Amino acid sequence: MTLTRMMQRNLAVLLGAFVAVAGCSGSEGPGAGTGSTTGTAGANAGTSGAAGTGGATGAGGTTGTGGTTGTAGMAGTGGATGTGGAGAAAGGGRGGATGTGGTAGTGGMSGTSGTSGTTGRGGTSGSGGSAGTSGAAGAGGSGGRGGTGGTNATGGVTGTGGTATGGAGGTAGSAAITLDQTGNPVNGLVTTYTAWLSTASGDAAKLAADKTLADNIITWQMPHGGFFKRDKAFYAVPWNGTAARSDWYGANNVEIGTIDNNGTVTEAMFLADVYRRSSEAKYRDAARKAMDFLLTMQSSTGGFPQVYPARAGSSYSNYITFNDNAMVRVLAMLDLARAQKAPLAGDIFTADQLTRIATAISKGIDFILKSQIVQGSVKTVWCAQHDPTSYVPRGARSYELASKSGQESVGVIGFLMSQPQTPEVKAAAQAGIAWFKSSNVRVANTAYVSRPSGSTDDNYNPIQARAGSTMWYRFYDLDQDVGFFSGRLPTDNPPGTGKQYDIMDIEPERRYGYQWGGSYGTNLFTYTDRVGY
């Protein structure tokens, strides 16, 4: 009986020890139940205290409180949640490809955080982010142009070890800057209409005079919305209903409008200004009609020809025209309307027109970029005219040959600098500026001085030495940076001498009847140097 009791007592001790050793595995269910606590035996759990696979929640991820091993805490590799932490598609979109980093692996081991064995929520690896040191998610999101997918943020959290440091990546997607426009030479192209405003004393008198002029202007507007190139004096009287409203004609003798010599743009700006002060809808409606004309005349490739509809018997008027800043002036006006700046703010244009205006500006920029002349492998400037489909430089009148333009290119560069500076726009503008600054292009200590009005001195040379001045030719060869001049063709009436490299070799009629040079780049550099271009 005594022996039996001793055997029972020894057996109980053995069973108790066995329970103490095995108790930490508890039941292996999804949360490891409450069997994970080792009671008072936890202090000696040793390797037995490892949560083993009991703490692993498989794909469930959360070890709940099942991972705790009392005070034993040496979760060792037992804290690894196997593939349970793989979060797959988290990590900030494309930038956060966590690969196998989502597995808690060695990164997710309870290690220092698991002194109490609480791999706990760390095993879930947050929303699937990369764990521990494997959480470097490359360079974060591939920010791309717009910075999308940039921050992985909290996607990589796996407890205390799993914060993903790779998610920044947003700097690559910074928006294109817009330069300070103070002093940009393009600004003055659309304000010429102010010379038409009345100088009468008092606002009421000014408005009354301007309304009279605006009323006359409206009568001269053609059915397509355009105007011919006129000055203020022309509009002193209204259209009589029979006089020609244009000097140029298209197919079927249709009267055509133009953007040459400030045409249509000046009238539209003036009408908008009068509407802004009077609130009379007839002025707004006429300005809207002019805007429709401008938007309609734009080619499918984004350029603006000199005229619309197409001019019969003339090819150069139908080319895309930078000459005399025609296209750039239109784009500058459209940009003013898009920005809702006076006098084109408010309801002067419809919502549909504003949408079309934004599209027209984008297409216009695209044409400018594609038509930039490349000499060798280097981008330079633009011609006064370009082909609407092939973008190549084109000539105009017989003495206006295809060339690199020292005058018109200033306005093109100025317009590009008025737009958000995308890499393409900035590169085109800076290439043009570099061309103007080239010592092969600029003529130092020289000025172009037109012959005084009324003079008949045919020996007068307008290209003169002047210390401190810089001159650019209006025309440069396409394949070399050499300026040239041109008389009319020998077959013209009156006949001329054609292309020459000495201004004194062209006939006087063209020598003094055209501007062949100027300080074109000087005003441009005043602006470009100030903004760091």
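In this predicted model, Met333 touches Val190, Val265, Ala268, Met269, Met291, Leu294, Leu344 and Phe349, when residues up to four places away in sequence are not counted. Met333 and Leu344 are also among the members of the largest nonpolar core that touch the most other members, a group that further includes Phe270, Leu334, Ile368, Met417 and Phe436, out of 89 residues in that core. Helix H5, spanning residues 326-338, gives the most to this core, with 10 residues. Apart from it lies another core, of five residues, among them Met222, Trp248, Ile256 and Val307. In soluble globular proteins, nonpolar side chains tend to be buried together.

Two members of the five-residue core, Met222 and Trp248, are also touched by Glu255, whose further contacts include His224, Ala243, Ala244, Ser246, Tyr249 and Pro309. Glu255 is placed in the loop between helix H2 (203-220) and strand E1 (257-258), and Glu255 counts as buried because its relative accessibility is 14%, under the cut-off of 20%. The side chain of Glu255 reaches the backbone nitrogen of Arg245 at 2.7 Å, and Arg245 is likewise listed among the residues that Glu255 touches.

A separate topic is the open sheet of three strands, which has the order E3-E6-E7 with antiparallel pairing. Its strands are listed below.

| Strand | Residues |
|---|---|
| E3 | 320-321 |
| E6 | 385-386 |
| E7 | 393-394 |

Strands E3 and E7 stand at the edges, each with a single partner strand, so one side of each is left without a neighbour in the sheet. E3 pairs with E6 in the antiparallel sense over two bridges, and Ile320 stands opposite His386 in E6.

Technical notes
Residues numbered from 1 in each chain as written. Predicted model: local features only at pLDDT ≥ 70, side-chain atom pairs only at ≥ 80, totals over all residues. Heavy atoms only, no water. Helix = DSSP H or I, 4+ residues; strand = E, 2+ residues; numbered from the N terminus. Buried < 20%, exposed > 50% of the residue type's maximum accessible area, 1.4 Å probe, protein only. Polar contact = N/O pair within 3.5 Å; in protein donor to acceptor, adjacent residues only side chain to side chain. Contact = heavy atoms within 4.5 Å. Core = buried A, V, L, I, M, F, W, Y, C linked by side-chain atoms within 4.5 Å. Pairing = 2+ DSSP bridges.
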